[in-house]
Structure formats: C-alpha cells, structure tokens
Amino acid sequence: MISPELLTQIGLLLAAAFTLVTLSYIFGDHPIFRLVLHIFIGAAAGYAGAIAVQDVILPQLVFPAVELAMNGVSAIDTVEFSIRLGLSLLLLTKLSPRTARFGNPATAMLVGVGAALAIGGALQGTLLPQIAASAQTFDLAGFNLALQGGYYGESISIILQGMIALLAMISTLAYFHFGAEGRGKQAPLRNILVDVLAWAGSIFIAITLATLFSGVLFSGMGALTERLDFLRSLITSMGGGG
Amino acid sequence: MSTPHHNPDENLPDWLRELRRKQSEQAAEDAAEQAAASANASTEANEPAAEQEPDWLAEIRKRHQADGGDSDERALSDTQPNRPFRLDSRPLNIPAFDAEEAAPSDETKARPEWLDEADDEDEIQTESDYASPFGDDIDEAEELEANELPSWLQPPSESSPKTNPFYMGDFDDEPMLTPAEVENAGPLAGLSGVLPAEPEVAKIGRSPVFSTRLEVSESQRRHASVLHTLIASETETREDFASTVKRPARLLNWLMAGAMLLAALLPLLNGQLAAPRPEAQHLPEGAAMFNGIDTLPAGAPVLVVFDVQTALYGEVRAAASPVISHLLDRQARLIFISTQPTGPALAERLLQSDFAQVPLVASNDYISLGYLPGGMAAVRSFASDPRSAPLSAPATFTQPWQRASLQAIQSVDDFALVLLVVSEGEDARMWLEQATPELSKGLMVVSSAQAAPLLRAYLNMQPSIVDGLVAGVSGGAHYERLRAKETFSFIYWDSYSYQLGVAILVILLGGLYGRVIHTPGQANKAKVSA
C-alpha cells in the first residue's frame, strides 16, 4: 500500500517533470510535449466527467431513484423527480440518430432558457448600465466643483477626459458603419466625415486590442512566475534547504 | 459579303492536279472491284454449308430450327462471338406499323426489357449481311430514299451553301458527303460513306473572320478587371523568406525565452525585494475592496465564487490569497461555490496550501457548497433562491443550509459580501449579469490580469455592479501593500516586474529590428529580384 506522503511526493515530481516538458516547447514541438499535452487534456476531461457523475448524476438522479424504489419515498418531490428523469431520458435519445428527434424538446428548452437568460442578463447587467455610464461622459458636477474651487487644471482635465471618451465612442461606432452612397459607375465611397472618424476609431480599437493582449501577457508572466517558484521550492525541499 | 466562286483546282500546281486525277481513277476502279467481290461473297454466305459445320454447331442449328424456321439467322448469329455492331449495317428503312405486332403478347409482357433489346440487336445483326461488308451496303444505300436518311447524311441541296453558316463560298460545289463515294486513301480506303477528310484539308481558301470584341457593359468590364487583378495577385509568386528567416527567428526565440526565464528566476533565487512597489493611489479599485472587507463585522457570511480554470490558478492565487487572508483575519465565514468542475478542488487547495495554520481553516470552519452545475441558468436559480439550487454531492451530504452560519441566509442578498474569484472575463460577466439584479449592493471581484480589461467596464456604474477589483499579480501586490503585510505576492512582484521589463525591451528591440534591419533587407531583395 502506498502511503499518502509517498503519493504526494510522486505527484510533486510528476508536476515538476510536466512543467519542465511544457517549458521545453521553447525548443520546438516534440513527442514528449505532445504526450504531456494529451495527458493534460485527458486528465481535465476525465476529472470533469467524474465530477459530473459523482456530484450531479448520482445525487440528483440515481440516488433518489434508488431511494424511491427501495422505500417508496424520496427526498425529492415525485413530480420534480419525474421531470428530471423524463428530460434526462429525452436527452439520452440524442445518442442515436434514429431517436434523436425525441430529444428535441429537451434541447429546445435548454437553448431557449439559455438564450432568454443571456439576452435578459446582457440587457439588464451590461448594455443598459454601460449606456447610462456613457451618457455621463462629462462629469459636470466635478467640473463645477473644480471650477468653483479654483482648480482650473482639474476642470480642464475633466473636460479633456470627457472629450476623449466621447471621441472614442463615436469614432469606434463610425468604424463599424459600412454604409456608402452609390456614385453611378464609380465605386461607392463613404462620407468623408465618417471616413475620418473611422480612421480615428481604428486607433482606439487598436488600443483596446493591445490592452487585451497585454492582459494575456501579464497572465502568462504571472503563471510562469508561479511555476518557477514551485520548481525552486521543490528543489529546495528535496535538497533539504527548506 | 459574298466571295467569288471559283474552282479551287485552278490554284493547284500541275503535279497536284495530275495526282488527284490519278487517285480518282484508281478509286473508281477499286470501288467497282470491291462491289463485285462483295456481291459474290454475300450469295455464298446465305447458303450455310452444312457439311462444313462441326457437330456442335449443327446441333444448335437443329434445335433452333425446331423452334421455328425464322430463327435460322438468330441461331447462326448466336454462334458468332461478339460480332461488332456496325452503324452502316443498321437497316434504315422503317417497317410499316402493324398493330397486331405492336401489341405485346403474354410472353413478351413477361420478358424483361433488356432481353427484348438483346433480341432487337440480334435481329439487326442477322438482317445485315456481315459476310459482305461492302457490297450490299452500297446497294442498300443506293436504294434508300433521300427522306429516309438522317439530316446529317443527306447530300447538301443547292441552298445549303447559303444556309450553312460555315460555308464561305470558297469550297468546291461537290457535296460534302456522298454515300456512294468510296474512300480512296488512308486507313479507311475502300470504305464507302465515310466522312471525307482530304478535301477539307486540301481546300485552300480564306478563313472566316470573326469579331473578337466582347459585347460587355462598362460595369461588367470593371468587375472583370477587379477579378483579373484579384486572380493576378493570387498567382503572383512571392519570394520565400522562410529559409532565410527561420534560423535567426529560432535563435531570437531562444534568446527571448532565455531572457524571460532569467528575469523570472533570478529574483526568486535571490529572495531580495528590489523592484519598486506599486503606489496605493494607482489602483483605487483595490482600495475600495480593502475598505469593503475591512468594515465587515466578525462572523459575517461571505460567499466566495471560485470560478478558476486550472491553467490560470497560479496567477489568480497571487491576487486571491491576500484578499482571502484579509477575510480570514476579519473572521468572516467563508462559503465557497463554483460553476467550474475543478473550482471546489482548487479552492480547497488554496486554503490548505496558504492558510492551513489559520484557525478558521484548521478547524474546518468554512463551507463548500461544491459544484453548481447548469451554467447561466443555475447561476440565475442560485441568485433567486440559493436554498433550492441543485448543489453537488458534498453539499448534499453535509446539509450546509442547516449549519448555524447559514441559518440566516434566505437569498443571495443576505450574504454580507459576494466575492468573485475568476480567471476568465466571461465567467465573471455571467455572475455579474445574472446575480446583480438580486443584489442590493455590488460585487467584489478578484480576477486574472487577462480578465481585468473586461471587468473595468463594470466599475463605478450606477447602479453599482462591481465595487472593488483586484487583478493579477500587480493587484495582489498592491493589496498587500494596503494591508502592510508582505507575503508571497511581494516575492512574485520582483519576478513579475523584471519579466515586464524584459518584455518591453524585447518589443522595442523587435520593432527596431523589423523596421531598421529586416525590412530594408527585404526591400533590397525585392529590388534585386525585380
């Protein structure tokens, strides 16, 4: 019987080996890296499957069914349990192309509920609050306070910030305006004002994408630091350096 | 436009005219001899020589004669192995329509169509005189009436040159196809009714002039031009720089990777804090979170949504650990939940690896609601009524809602604080959109650096959605600075800062290399190749 301490040590060594193999991708793709990649994917998928069985299917469906069959009563209401069982069976029919159409009602319910929640949530939680925030681009209250207090630099800063935010919003929207007026036999051309705004919008879009990319870079650097610290700690502990 | 009609032989040299005359005479003599020979052969073939037949053929013949005298020809044809079907042997005269014959008998009704077709073919073959391939054909062709021939075989009428769009008037007037004419040259010499080749080749005349100008509109011409340009650009061969760039690029990759690894590793090995610390006023959203947690009463229930992907756990840990530490110091009752299958395990790992010595953790005075399956719908359900949400097995077995710290929780708004710990922006957005309608106050968010740009849009909104944000290693280091309690985030900070410096240098040098060194080199190559 393997002791838990030994299992922990084996796990740590495996983690260190996998980390080094993953870092070896610097020298190019190789079979061991691919093997480790497959192990990662397989382990993640297997763990998710095990969680789904252990934490969802068994306690939500199988155990109540067994309880109902053995004792005649279940912790879950019979009607609710019947709905769960019925929808699950309908979804199972999707396994075969011949019976797949019977699973359509359950799938339709899933998709419909998901779409309704997504649209409602996006409107209520994202779009409307952000539109409201955009309408308050100019902090007029702050501007008045700064002006009354004699902080002219602050007041100018507030105005500039508002103008930049306004320009960013309008120009970004103009970038995605693809309407153009026909000119007979010549190629259609956008309005020159829209064209200029779209050019400015492309700059703001580039800045946004660069920000997102820098976020990914920062995340990678943080993860690399954590892995290297793990390797350092492991080597120190194995060397007895504590 | 009419062309003057003239005899093409006038333009021929004398020797060619003499040769043509001789060929015509020779062809006529050959045709006469072949006609006579084929006539004799056909009469002989119609009299089957019984004495020359082998026994097995005689047996077949006898059997077929017993079936009916009309089947003689069929019996004979049955003995011929794969006799070729010739177009010129097909009878061109159509028999008169007989209603009785047309009505199918019972026997023919029962027979399949393919058998009828095979019989028809046999009849065609037996009716022809294959023993004499030329003689009778010629006779039959002479007997044919003009209206029985297909149009393409009929000799051209006088009006045909005018109606023929390809007739330009330079050809001689002899018909293109004369069924009785015998081929006098080439591999088909001696055959009659073949399409003449030599006159077409030998004829000398002016070729017709066709207009090459396309009748297209200006718009069509413009579209064609655009298409032509597109295709031309696709088929242009470009110089392959891969071979020249490959080796330096790989070397550069190794150099950059080595610099990044050194920048990350040296501060960890050194263990001394050298990089400048982030200023408190630079991250006001972190200060808002600090103030929100610092004012929590002891024993306040705090819901921690731990939606962290395994790959980004290392980074999120640097940001989440100072915040969890602060909560534990405030003696908050932590209740963990996750919509990720790996979330509960990672939350447990964070507690056991970083806070195993804290009394609340050591005494298991925290609750894990486990995995919340169902994605967006489950989040909405949990936000509306946490007690009825389908929770995973650990929660079910331990009956968390019966514990004292959760007795007062009836809705998600009863939690003193809801803290999202997320690695992906989309996971945070799901909770923000589905849970905030049920919350009278905003959420606090700890996230990875890559999710931060998306989440900043939710900061300081009215109504309040995100009240505080700590993102990435820098957010964690900043939070520890606020707490004046330096743990591993500060150890990470040096490594992170040096990596950032190396990344900036690499970007600058890479841009310089591309603009100053590499691009002019490519331009020179392009000039040379041009």
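In which kind of crossing, left-handed or right-handed, does α4(A) pass α16(B)? Keep that one in mind while you get set up; the tour reaches it at the third stop. One thing before you start clicking: this is a predicted model, and the predictor gives the complex an ipTM of 0.85 and a pTM of 0.64.

**Stop 1: the two chains**

Colour by chain and start with chain A. You'll find seven helices and two strands here, and walking along the sequence you pass them in the order α-α-α-α-α-α-β-β-α. Of its 242 residues, 10% count as buried. Look at contacts between residues at least 6 apart in sequence, and 35% of those in chain A join residues at least 24 apart.

Now switch to chain B, which has 21 helices and six strands. Of its 530 residues, 26% count as buried. For contacts in chain B with a separation of 6 or more, residues 24 or more positions apart account for 74%.

**Stop 2: where the chains meet**

Show both chains and select the residues that touch across the boundary. On the chain B side you should pick up 49 residues, in contact with 43 residues of chain A. Which helix of chain B gives the most to that side? Select residues 242–270 of chain B: this is helix α11, and it contributes seven residues. Colour the chain B side by class and you get 28 nonpolar, 16 polar and five charged residues.

**Stop 3: a helix crossing between chains**

Next, select residues 104–135 of chain A, helix α4, together with residues 375–384 of chain B, helix α16. Their axes come within 9 Å and cross at roughly 65°. Here is the reply to the opening question: the crossing of α4(A) and α16(B) is left-handed.

Turn on side chains to see who meets whom. From α4(A) come V113(A), G114(A), L117(A) and A118(A); from α16(B) come M376(B), A377(B) and R380(B). By class, this contact is made of five nonpolar residues, one polar and one charged.

**Stop 4: the nonpolar core**

Hide chain A for a moment and centre on L419(B) and V421(B). In the largest nonpolar core, a set of 80 residues, these two touch the most other members. Helix α13 of chain B, residues 313–329, gives the most to this core, with eight residues. As background, nonpolar side chains tend to be buried together in soluble globular proteins.

Stay on V421(B) and light up its contacts, leaving aside neighbours within four places in sequence. You should see V304(B), V305(B), F306(B), D307(B) and V308(B), then V316(B) and A320(B), and finally V446(B).

Now hop to V445(B), in strand β5 of chain B, residues 443–447. Is V445(B) buried or exposed? It is buried, because 30 other C-beta atoms lie within 10 Å, and 20 or more are enough to count. Draw a distance from its C-alpha to that of L420(B): the pair is 25 residues apart in sequence but 4.6 Å apart in space. Besides L420(B), and again setting aside neighbours within four places, V445(B) is in contact with V422(B), A428(B), L455(B), V466(B) and L469(B).

**Stop 5: two loop residues with positive phi**

Select Q331(B), in the loop between α13 and β2 (333–338) of chain B. Q331(B) is not a glycine, yet its phi is positive, about 60°. With 15 other C-beta atoms within 10 Å, Q331(B) is partly exposed.

Then go to N364(B), in the loop between α15 (359–362) and β3 (367–371) of chain B. This is another non-glycine with a positive phi, about 55°. N364(B) has 9 other C-beta atoms within 10 Å, so it counts as exposed.

**Stop 6: colour by confidence**

Finish by colouring chain B by pLDDT. The average is 73, and 62% of the residues score at least 70. Which elements of chain B have the lowest and the highest mean pLDDT? Helix α3, residues 72–78, has the lowest at 45, and strand β4, residues 417–422, the highest at 95.

Two stretches are worth selecting on their own. Over residues 124–138 of chain B the pLDDT is below 50, and the model has 40 contacts for this stretch beyond near neighbours in sequence. Residues 159–175 of chain B also stay under 50, with 17 contacts beyond four places in sequence.

Terms used. Residues numbered from 1 in each chain as written. Chains lettered and ligands numbered in written order. Contact = placed C-beta atoms within 7 Å. Helix = DSSP H or I, 4+ residues; strand = E, 2+ residues; numbered from the N terminus. Nonpolar A, V, L, I, M, F, W, Y, C, P; charged D, E, K, R; others polar. Buried ≥ 20, exposed ≤ 12 C-beta atoms within 10 Å, placed from the backbone. Axes fitted to C-alpha atoms, helices over the stretch in contact; angles between N-to-C directions. Left-handed = near helix turned anticlockwise from the far one by under 90°. Core = buried A, V, L, I, M, F, W, Y, C linked by C-beta atoms within 7 Å. pLDDT = per-residue confidence, 0-100.
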